[in-house]
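Open your viewer and keep the selection box ready. We will go stop by stop.

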Amino acid sequence: MIQIHKVDVTYEDGNKGLSNIDLQIDKGELVYVTGSSGAGKSTLLRLMYADIMPSKGVVKVEGQNIGSMNHNSVAFLRRNVGVIFQDFKLLEEQTVYENLVLPLEIFYLNKSVIESKIHGILKALDIFTHRDSVVKKLSGGEKQRVAVARALLNDPFIVVADEPTGSLDAKNADKIMDMLLHKTAKGTTILIATHDQRIIKEYPGRVLYLDKGRITYDSREKAGADA
Ligand SMILES: Nc1ncnc2c1ncn2[C@@H]1O[C@H](COP(=O)(O)OP(=O)(O)OP(=O)(O)O)[C@@H](O)[C@H]1O
């Protein structure tokens, strides 16, 4: 569960990233974060893996207050939150396999477990034929699928994704959404910052609309009000 109480994020230069956010996200929820450019979507996502800290208020992830975490707790949190970055953040000079194996090796998993996890996810995302390709030679859509594979490999309890379908055609976007939905069914919480109205329509979830750092619409509250 994610609990955000009266949170402001103010960047060092005085820019306001988020203002007075109150939000609770339950285990297994699929949440879309929408809003225009600069509305605060990425800022909200970055809070989830303690990449930035609230300037005011409290953010709790699985009961842990990110503002008072020590180094070990932050490291533990980051191992359990899968992040799909807008610009992928892959190691461009390394192969797909190398990009995927590196984060798994730190868990000291047995080699056959690692191989089977990588094999499974590359097949599911239809990029197995690129297993030994150097990342810089892949298309934008292929890189995006590698980024998704890397984020999901460790079975994280939260996945945050910044525009995960941005470079993909509908068929590949669907492949990723099917995989993410499969994860929510197993209790993984998923937050997706997106402008992609098609996936919001086809894969219903909770929708948050941000404007100038504030939540101006939450479909869950609306559903409550309608009831
Ligand atoms: N590192 C930073 N330093 C200063 N200001 C920042 C920083 N990152 C974001 N901001 C500011 O915080 C506000 C929210 O930015 P954020 O990147 O969260 O928006 P966004 O909704 O994700 O935008 P986009 O759709 O363009 O990615 C903007 O006014 C932005 O200029």
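**Stop 1: helix α4**

Select residues 111-124. This is helix α4, with 14 residues. From its first C-alpha to its last it reaches 20 Å, close to the 20 Å expected at 1.5 Å a residue. Keep in mind that this is a predicted model.

Now color Ile 118, Ile 121 and Leu 122. These are the buried residues of α4. They cover an arc of only 100° around the axis, which puts them on the same side of α4.

Turn to the face directed away from that buried side. Which exposed residues does it carry? Select Ser 112, Val 113, Ser 116 and Lys 123 to see them.

What covers the buried residues of α4? The cover includes α3 (96-105) and α5 (140-152). Show both helices.

Before leaving, step just past the end of α4. Asp 126 takes a positive phi there, of about 60°.

**Stop 2: helix α3**

Move to α3. Its buried residues are Val 96, Asn 99 and Leu 100. Look down the axis of α3: the buried residues fall within an arc of 90°, so they line one face of the helix. That buried set packs against α4 and α5. Flip to the other side of α3, where Leu 102 and Glu 105 are exposed.

**Stop 3: around the ligand**

Select the ligand, then its surroundings. The residues around the ligand include Tyr 11, Asp 13, Asn 15 and Gly 17. Add Gly 35, Ser 37, Gly 38, Ala 39 and Gly 40, which also belong to this group. Lys 41, Ser 42 and Thr 43 complete the list.

Which helix gives the most to this shell? Select residues 41-48: helix α1 leads, with three residues. Color the shell by residue type. You should get two nonpolar, eight polar and two charged residues.

**Stop 4: Glu 62**

Find the loop between β4 (56-61) and β5 (64-65); Glu 62 sits in it. Is Glu 62 buried, exposed or partly exposed? It counts as partly exposed, because it has 15 C-beta neighbours inside 10 Å.

Select its contacts next. Leaving aside residues up to four places away in sequence, Glu 62 touches Met 1 and Phe 157. Then pick Gln 3. Glu 62 and Gln 3 are 59 residues apart in sequence, yet 8.3 Å apart in space, C-alpha to C-alpha.

**Last stop: confidence**

Color the chain by pLDDT. The mean is 91, and 97% of the residues reach 70 or more. The model scores ipTM 0.97 and pTM 0.91. Where pLDDT is low, the predicted coordinates should not be read in detail.

Conventions: Residues numbered from 1 in each chain as written. Predicted model: local features only at pLDDT ≥ 70, side-chain atom pairs only at ≥ 80, totals over all residues. Helix = DSSP H or I, 4+ residues; strand = E, 2+ residues; numbered from the N terminus. Expected span 1.5 Å × (residues − 1). Buried ≥ 20, exposed ≤ 12 C-beta atoms within 10 Å, placed from the backbone. Arc of directions from axis to C-beta. Contact = placed C-beta atoms within 7 Å. Near = placed C-beta within 6 Å. Nonpolar A, V, L, I, M, F, W, Y, C, P; charged D, E, K, R; others polar. pLDDT = per-residue confidence, 0-100.
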